[in-house]
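Me: Please justify the descriptive terms applied to this model, setting each value against its definition.

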Amino acid sequence: MGGESTRAELIETLRRHVRDERVLRAIAAVPRDRFVTEAHAHDAWANEALPIGGGQTISQPLVVAHMCELLDIQPGERVLDVGTGSGYHAAVLTALGAHVWTIERDPELSRWAEENLRAVRARRVTLLTGDGSRGWPQGAPWDAINVAASARGEIPPALIDQLAVGGRLVLPVGDELVLVRRRDDGTLDRRGAGGVRFVPLIEE
Ligand code: SAM
């Protein structure tokens, strides 16, 4: 018999790949079952991306954990999260102690995410609607920018422009996860961080 995965089983699976205990604790602390649709409730704790409607998905927990680990979020940091979707990734970022501004282009998804975030009493999170490929200049510079949709070809320049000194940006470019860090002298350090599959970042 297969049966449903539990929260503890998910954390054990992630522990094989994720070293940062803070990230594992944050994933364990956020009830993923509150961010999936009823049709997928039984798979809420599986290490899988799941449909959330409108052709979009809640990301795979391992990918969320990996992106959080790359961003190395410190308590109190200001983070822009592009592609709110269900709100799950934003909730994990707040569980790491960040202040999160999360932006979604689909107002209906943003409303649903707001309900989900309210249901889990997530604090320090602001929901925005619009084209996140332009970042959110009103809040810049950001200590970290997390992008949960795949840029075609190149990194949107606005996201790089809005990165603080010492700031980190993680995003999929095509099928590769990329980490960018702004060094103290303002120059950028860019490196590949593995293969991923994401829905496209729609640049308007
Ligand atoms: N982070 C989400 C979660 O935890 O459920 C999953 C994100 S889903 C893989 C990608 C999301 O990015 C979709 O909800 C999509 O509507 C959104 N999106 C795509 N292009 C966007 C853009 N330019 N600005 C804001 N959101 C965008």
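Reply: The exchange below takes up helix packing, the ligand surroundings and two backbone features.
This is a predicted model, in which local features need pLDDT of at least 70, side-chain atom pairs count only at pLDDT 80 or more, and totals for chains, interfaces and linings use all residues. Residues are numbered from 1 along each chain as its sequence is written, and side-chain values use heavy atoms, with hydrogens and water left out.

Me: Why is α1 called roughly antiparallel to α2?
Reply: Helix α1 (residues 7-15) and helix α2 (residues 21-29) pack at an angle of about 155 degrees, with axes 10 Å apart. Angles over 145 degrees count as roughly antiparallel, under 35 as roughly parallel, 65 to 115 as roughly perpendicular and the rest as oblique; α1 is therefore roughly antiparallel to α2. The crossing of α1 past α2 is right-handed.

Me: What makes up the contact of α1 with α2?
Reply: With contact defined as heavy atoms within 4.5 Å, Arg7, Leu10, Ile11, Leu14 and Arg15 of α1 meet Glu21, Leu24, Ile27, Ala28 and Ala29 of α2. By class, these residues comprise 7 nonpolar, no polar and 3 charged.

Me: Why are α3 and α4 described as oblique to each other?
Reply: The axes of α3 (residues 61-71) and α4 (residues 88-95) cross at roughly 40 degrees and come within 11 Å. The two helices are therefore oblique to each other, and their crossing is right-handed. Val64, Met67 and Cys68 in α3 meet Tyr88, His89, Val92 and Leu93 in α4, a contact with 6 nonpolar, 1 polar and no charged residues.

Me: What makes the approach of Ser86 to the ligand a polar contact?
Reply: A polar contact is a pair of N or O atoms within 3.5 Å. An N or O atom in the Ser86 side chain is 2.6 Å from a ligand oxygen atom, which meets that limit. A backbone N or O atom of Gly132 lies 2.8 Å from a ligand nitrogen atom, and one of Tyr88 lies 3.5 Å from a ligand oxygen atom.

Me: Which residues come nearest to the ligand?
Reply: Ser86, Glu104, Asp131, Gly132 and Ile202 come nearest, of the 24 residues around the ligand, where one heavy atom within 4 Å is required.

Me: What sets Pro141 and Asp72 apart in backbone geometry?
Reply: Most residues other than glycine have a negative phi, and most peptide bonds are trans. The bond from Ala140 to Pro141 is cis, with omega near 5 degrees; Pro141 is in the loop between β5 (125-129) and β6 (142-147). Asp72, in the loop between α3 and β3 (78-82), has a positive phi near 50 degrees.

How values were computed. Axes fitted to C-alpha atoms, helices over the stretch in contact; angles between N-to-C directions. Helix = DSSP H or I, 4+ residues; strand = E, 2+ residues; numbered from the N terminus. Left-handed = near helix turned anticlockwise from the far one by under 90°. Nonpolar A, V, L, I, M, F, W, Y, C, P; charged D, E, K, R; others polar. Polar contact = N/O pair within 3.5 Å; in protein donor to acceptor, adjacent residues only side chain to side chain.
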